[in-house]
Amino acid sequence: MASKLSEADSGSSSADTEGAALPAAASENAATTEAEVQHREPLVKVTHLSESHAGTSLIARVVALSGCCYVWVGEGDWAGSGKGGRLPEQGAVAAAVQTPYEAMPVVTELLGEEGGFGGGMAQRLAKRTGQMVYASVNVSNAAAESLPMIERRVLAVLQGAG
Amino acid sequence: MEQAVRQGALELHGITTEIVVQSFSDRTMVNVTQLEKMGTMLLVTSEASGMGGRSFNVKTLLGRRDDPLLLVYARQLAEQMRLDHPLLLAIALKEEGRDSATFAAVVNKVLALGQ
């Protein structure tokens, strides 16, 4: 299990040279900081969607921020999970943003190979919402027929959040 | 079944930091934001080193490439979370939220969300 981080572990190499005097002061600072931290209810809205069509089930997750969002789409039967109860794959990550230089948003693959479904979805959602959209779409070609339906629902979420 | 999405938020010195942790089979994605933006995206991969530990490689995919604090966040989170796959970090910090106390609180919160 990962250990809790104190301020003394924040990666400063100078801590190694200050010897025994540092740990006590760092512990006091860490205890003071812990007392000052207030845990809040998260305000970032995460929406889970699922759509079944022609024997395939798609699940989607939308993390809505201000002026941008992250969308993940995968195959599965339960909201937020993949087939067989295992965690699903994230797959490639594409990003799209509207610019004043072209009619369609500029799209690029940040991770993974180009040519997947994520780039197109990110581009279309960016066009419709005006937001910067990051998208990961990890579905088989057979399940891709259902993508337009879940994309419409994702769009509704983004337009409702905006 | 492992929980796929975990969220949290903390406030320290008047700055609120939102955290979203998404677990996938091939990657873990962590959003840390004080600006309600995705911010800079970094990918951290690790491999066993010859000395018995692990070596970490941090790559900036999008955003600020001149901010060493973001690299520190990425490396520290990857190391503390002890993942067996890459970490994708999206991080957006305010100028006032770049102190070491916030850094420690954010890392601790991410670890707590993972437990």
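Two strands are taken to pair if DSSP finds at least two bridges between them. In this predicted model, strand S3 (residues 56-64) and strand S4 (residues 68-75) of chain A satisfy that criterion, pairing in the antiparallel sense over seven bridges. Within this pairing, A:Ala60 stands opposite A:Val73 in S4 of chain A.

Both strands belong to an open sheet of six strands in chain A, whose order is S2-S3-S4-S7-S5-S6 and whose pairing is mixed. Strand S2 (45-53) and strand S6 (106-111) of chain A occupy the edges; each has a single partner strand, so one side of each is left without a neighbour in the sheet. From one strand to the next, the twist averages 20 degrees. Strands of a sheet pair through backbone hydrogen bonds, in either a parallel or an antiparallel arrangement.

The sheet of chain A is also contacted by a helix. Helix H2 (residues 117-129) of chain A lies across S4, strand S5 (93-97), S6 and strand S7 (132-138) of chain A. The helix runs at about 150 degrees to S7 of chain A.

Chain A further forms an interface with chain B. The contact takes 43 residues from chain A and 45 residues from chain B. The size of an interface is often given as the accessible area lost when the parts come together. Between chain B and chain A, the buried area is about 3,800 Å², and carbon and sulfur atoms give 62% of it. B:Glu11, B:Phe24 and B:Met38 supply 14% of the area that chain B buries against chain A, more than any other three residues.

One salt bridge is counted between the two chains. It joins the side chains of A:Arg40 and B:Glu11, at 2.8 Å from N to O. In addition to this count, 16 residue pairs are found in polar contact across the interface of chain B and chain A, with both residues at pLDDT 80 or more. On the chain B side, the elements that each supply at least two residues touching chain A include strand S1 (5-12), strand S4 (40-48) and helix H1 (68-81). Helix H2 of chain B gives the most to this side, with nine residues. By residue class, the side of chain B that touches chain A divides into 22 nonpolar, 14 polar and nine charged residues.

Strand pairing also occurs between the chains. Strand S1 (residues 38-40) of chain A and S1 of chain B pair in the antiparallel sense over three bridges, and A:His39 stands opposite B:Leu10 in S1 of chain B.

How values were computed:
Residues are numbered from 1 along each chain as its sequence is written. Chains are lettered from A and ligands numbered from 1 in the order in which they are written. This is a predicted model: local features need pLDDT of at least 70, side-chain atom pairs count only at pLDDT 80 or more; totals for chains, interfaces and linings use all residues. Side-chain values use heavy atoms; hydrogens and water are left out. Helices (H or I, at least four residues) and strands (E, at least two) are DSSP runs, numbered from the N terminus. Axes are lines fitted to C-alpha atoms, for helices over the stretch in contact, and angles run from 0 to 180 degrees between N-to-C directions. Contact means heavy atoms within 4.5 Å. Buried area is the accessible area (1.4 Å probe) that two parts lose on being put together, summed over both. A salt bridge is a side-chain nitrogen of Lys or Arg within 4 Å of a carboxyl oxygen of Asp or Glu. A polar contact is a pair of N or O atoms within 3.5 Å; within protein, one must be able to donate a hydrogen and the other to accept it, and residues adjacent in sequence count only if both atoms are side-chain atoms. Ala, Val, Leu, Ile, Met, Phe, Trp, Tyr, Cys and Pro count as nonpolar, Asp, Glu, Lys and Arg as charged, and the others, Gly among them, as polar.
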